[in-house]
Amino acid sequence: MVDLKRRFDVLVIGGGNAALCAAISARRAGASVLVLEGAPKFYRGGNTRHTRNMRCAHDAATDILTGPYTEQEFWEDLQRVTGGETDEELARHMIAESKDILGWIVEQGVRWQPSLGGTLSLGRTNSFFLGGGRAMLNALYLTAEKLGIDILYDAEVLDLDIQDGMFLSATLKRGDADVSVRASTLVAAAGGFEANIEWLKQYWGDAADNFLIRGTPYNRGSILKMLLDKGVQDVGDPTQCHAVAIDARAPKFDGGIITRHDSVVFGIVVNKHSARFYDEGEDIWPKRYAIWGRLVAAQPDQIAYIIFDASVRNSFMPTLFPPIEAPTIGELAEKFELDPATLEKTIAGFNAAVRPGTFDHTILDDCRTEGLTPPKTHWARKIETPPYYAYPVRPGITFTYLGTRVNKQSRMLMKDGKPSANMFAAGEIMAGNVLGKGYAAGIGMTIGSVFGRIAGREAAQNARN
Amino acid sequence: MHGTKILEEADRLMTVCNSCRYCEGLCAVFPAMEMRRAFSDGDLNYFANLCHGCGACYTDCQFSPPHEFNVNVPQTLAIARADSYAAYAWPRAFSGLFARNGLSISIIAALSVAAFIFGFAAFHDRQVLFGIHTGPGAFYKLMPHNAMAALFGAAFLYAIVALVMGVRAFWRDIGEPVGMLVDPPSIWQAIKDAGQLRYLDGGGVGCVNEDERPSDLRKIHHHLTFYGFGLCFASTSVATAYHYFWAREAPYPWWDLPVVLGTLGGIGLLIGPAGLLAEKWKRDPVLVDQARMGMDVAFIVMLFMTSLTGMALLFLRDTAAMGALLALHLGVVFSLFITMPYGKFVHGIYRFVALVRYAKERRMMAGHPV
């Protein structure tokens, strides 16, 4: 039984990668630690459950990474995906710290493996968790338990007592009673608000009703909201998030990795008016997959269709939901209530614009369209081999970027710009400091582990003073 | 469409898993799955027999129950695996023995023991049966060596024929030409993988059993059981060689090779099955084919009894209990032999064959000619 009457050195709210890294690092620094996970045990860990890799800088190839990925290259990738909307000092600090995480996380029981089948293009930059994100979580929880960290599940925090930027206590729902939990320091690692459709609607309007949430329904942003309401400075555009195009047949919540589609570069994408709206061949897929969530979100009714033909049917990873198949483009259109004549015209126009080239999906090849708007700048090949296929896709929200502003110590900053006396944040709840927009595969986990480790260490030290 | 409901479910799961692949580092099943985009009945039976039931993929899966995708690979493959044992049984008329395997094995074992006791009693008067016999040839006062060798030789031969026929059925089902079994590098790889139980370890940390904490207990006890069984078999083989080539008759003194091998093996075959049974008792029911628990338990108990009766015979062979204990031991061993093709024993055979095929597929993927 956890003694809730005692005063803990460090209270960690959240139960994912960032929370556990913070808890472990605080405990290893000598602090007493309580972790409050709002979800039931099975759903513990928020989005970490669904992750598979982490992006860490390294100067040389390792057992599982095929080559070096320098801090500079990481920084350039981050600048490119965010369009420069990042806090350079924090981002460079994170990238530098990420090098050490490769070894540190293994000391916490997590195991690496080379990139998964079908993800070779990430083999140099991203380290994959053996057994996936839930295996990683299981390892971290085991380590936390062995270290004597107290953990509560179904531990919903109803309120935070914060005065003048100082955390005093949290009100915890236990059965029918509310309990006050006291701690010298707080680490907030409770994620974004992506599962809170009402909150999303404040910025997106009714379009948010058509969003699918890739993680658990527990990521409601209640801790983020309390912190922002109680004087913590916000960071990030509330409409920005990591969103990808996922199968429209996916469940509303927690469909995870298996509902995604990797087939965009092999075909074309049209909206409900059978019109193309973006260059499907802009860049190598892992560098570009994360823009498609927003692109689809901007389409009428937030729906789009990836259309391809039999010639590429087996060119990408098999999917959970099979593609819808039809012998002609017109019949394919009818299956989705698209206008057959318009879709036929779109595809005929696309086919006519395709220039001859040598197809190679591993490089930016020379297969492109000419005189078409928008163009398809690589991997453009005619869609003319029946049967024809389509996947319906919707925006799949992974996590939101609105968050709490922090400094290099992972310490929250208050609205007046002053650092909080004893409050730290890590993970998706503060990802907006680094990610102003855009996404690069595995970076959410980097933010979680790096800032989690820092937050735990700093909180432990803060508690001792 | 698949032949059975459980294969339908296995197909559904493999489709989920093939679009995820997080578990590919845990064992051989998922890499084998990734070599395919669609799954025949034979493919699924191959995966089912390749799966060692370590349970790691269940604990590591973000979609296992209570998630709505309800992904439970260990249990589904365990059921499909047990179904496949019955489907490959030879002769087909005996496949029903798998249906209530615990009961069937118990009855056969009891009948076998009873037959030896009645046989001994019928052929000898009380003085011989309950007499004290020592020195070379003591056992054969109760049953002539040639009769013993002929009976057990026949039982063993029958088991081998039935097992070979089962393997043939399995090999055909998974769609491999018969000649493909003879690929020495693949066989050597499979021997190493089976000998180390490479895939009974959750990708390196151990099996999950009663909760999410991995442990090596199942692997250790399986090693004790398997190598204990191997030592016992070696003991019998050495004794047979002694008998025919050197005309040295059992029982042998305690320091002699057959007794040393048999004793060491017997100890392994006591601790191993006891440990496996204890782990099975604790195991989370969600991971196992609960309807077939009897099959697993029956085989484990038979191995344990083989050792227990053998050890009892060793320690009490100079007493009046020898006759009864010999009948008991021979009865247990005889029933173990004749039920081998119709019980859990076959798991080792089919899994080994699946490992050979996996090794071969890996070699082909790596570009080696096979």
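How are helix 1 of chain B and helix 5 of chain B oriented to each other? The legends below, which describe a predicted model, begin with this pair.

**Figure 1. Packing of helix 1 and helix 5 in chain B.** Two packed helices are described by the angle between their axes and the distance between the axes. Helix 1 (residues 5–18) and helix 5 (residues 73–88) of chain B pack at an angle of about 140°, and their axes are 10 Å apart. Helix 1 of chain B and helix 5 of chain B are therefore oblique to each other. An angle over 145 degrees would count as roughly antiparallel. The crossing of helix 1 of chain B and helix 5 of chain B is left-handed. On the side of helix 1 of chain B, the contact is made by Ile6(B), Leu7(B), Glu9(B), Ala10(B), Leu13(B) and Cys17(B). Helix 5 of chain B contributes Val73(B), Thr76(B), Leu77(B), Ile79(B), Ala80(B) and Asp83(B). By class, this contact of helix 1 with helix 5 of chain B comprises 9 nonpolar, 1 polar and 2 charged residues.

**Figure 2. Packing of helix 6 and helix 13 in chain B.** Helix 6 (residues 101–123) and helix 13 (residues 322–339) of chain B cross at roughly 140°, and their axes come within 8 Å. That makes helix 6 of chain B oblique to helix 13 of chain B. The crossing of helix 6 and helix 13 of chain B is right-handed. Among the residues of helix 6 of chain B in this contact are Ile105(B), Ile108(B), Phe116(B) and Phe120(B). Those of helix 13 of chain B include Gly323(B), Leu328(B), Phe334(B) and Ile338(B). The contact of helix 6 with helix 13 of chain B has 14 nonpolar and 5 polar residues, and no charged residues.

**Figure 3. The largest nonpolar core and a second, separate core.** In soluble globular proteins, nonpolar side chains tend to be buried together. The largest nonpolar core in this model has 145 residues. The residues with the most contacts inside this core are Val10(A), Val12(A), Ala22(A), Ala23(A), Val187(A), Ala188(A) and Ala189(A). Helix 11 (residues 443–464) of chain A gives the most to the core, with 10 residues. Not counting residues up to four places away in sequence, Val10(A) touches ten residues' worth of surroundings that include Ala26(A), Val33(A), Val187(A) and Ala460(A). A second, separate core of 102 residues includes Cys20(B), Cys54(B), Ile105(B) and Tyr358(B).**Figure 4. The contact between chain B and chain A.** In this contact, 26 residues of chain B meet 27 residues of chain A. Helix 1 and helix 4 (56–60) of chain B are the elements that give two or more residues to the side of chain B that touches chain A. This side of chain B divides into 9 nonpolar, 9 polar and 8 charged residues.

**Figure 5. Two cis peptide bonds.** Most residues other than glycine have a negative phi, and most peptide bonds are trans. The peptide bond from Pro386(A) to Pro387(A) is cis, with omega near -5°. Pro387(A) belongs to the loop between helix 10 (340–353) and strand 16 (388–400) of chain A. In chain B, the bond from Pro65(B) to Pro66(B) is also cis, with omega near 15°. Pro66(B) is in the loop between helix 4 and helix 5 of chain B.

**Figure 6. Positive phi at Ser410(A) and Asn70(B).** Ser410(A) is not a glycine, and its phi is positive, near 70°. The loop that holds Ser410(A) lies between strand 17 (403–404) and strand 18 (411–413) of chain A. Ser410(A) is buried, because 31 other C-beta atoms lie within 10 Å. Asn70(B) has a positive phi of about 50°, although it is not a glycine. Asn70(B) is in the loop between helix 4 and helix 5 of chain B. With 14 other C-beta atoms within 10 Å, Asn70(B) is partly exposed.

**Figure 7. Surroundings of Ile132(B) and Cys51(B) in their loops.** Ile132(B) is in the loop between helix 7 (126–129) and helix 8 (145–173) of chain B. Ile132(B) counts as exposed, because it has 12 C-beta neighbours inside 10 Å. Ile132(B) and Gly323(B) are 191 residues apart in sequence, yet 8.4 Å apart in space, C-alpha to C-alpha. Cys51(B) is in the loop between helix 3 (41–50) and helix 4 of chain B. Cys51(B) counts as buried, with 25 C-beta neighbours inside 10 Å. Not counting residues up to four places away in sequence, Cys51(B) touches Val29(B), Pro74(B), Leu77(B) and Arg81(B).

How values were computed
Residues are numbered from 1 along each chain as its sequence is written. Chains are lettered from A and ligands numbered from 1 in the order in which they are written. This is a predicted model: local features need pLDDT of at least 70, side-chain atom pairs count only at pLDDT 80 or more; totals for chains, interfaces and linings use all residues. Axes are lines fitted to C-alpha atoms, for helices over the stretch in contact, and angles run from 0 to 180 degrees between N-to-C directions. Helices (H or I, at least four residues) and strands (E, at least two) are DSSP runs, numbered from the N terminus. Angles under 35 degrees count as roughly parallel, over 145 as roughly antiparallel, 65 to 115 as roughly perpendicular and the rest as oblique. A crossing is left-handed if the near helix is turned anticlockwise from the far one by less than a right angle, and right-handed if clockwise. Two residues are in contact if their C-beta atoms, placed from the backbone, lie within 7 Å. Ala, Val, Leu, Ile, Met, Phe, Trp, Tyr, Cys and Pro count as nonpolar, Asp, Glu, Lys and Arg as charged, and the others, Gly among them, as polar. A nonpolar core is a set of buried Ala, Val, Leu, Ile, Met, Phe, Trp, Tyr and Cys residues joined through C-beta atoms within 7 Å. A residue is buried if 20 or more other C-beta atoms lie within 10 Å of its own, exposed if 12 or fewer, and partly exposed in between; C-beta atoms are placed from the backbone.
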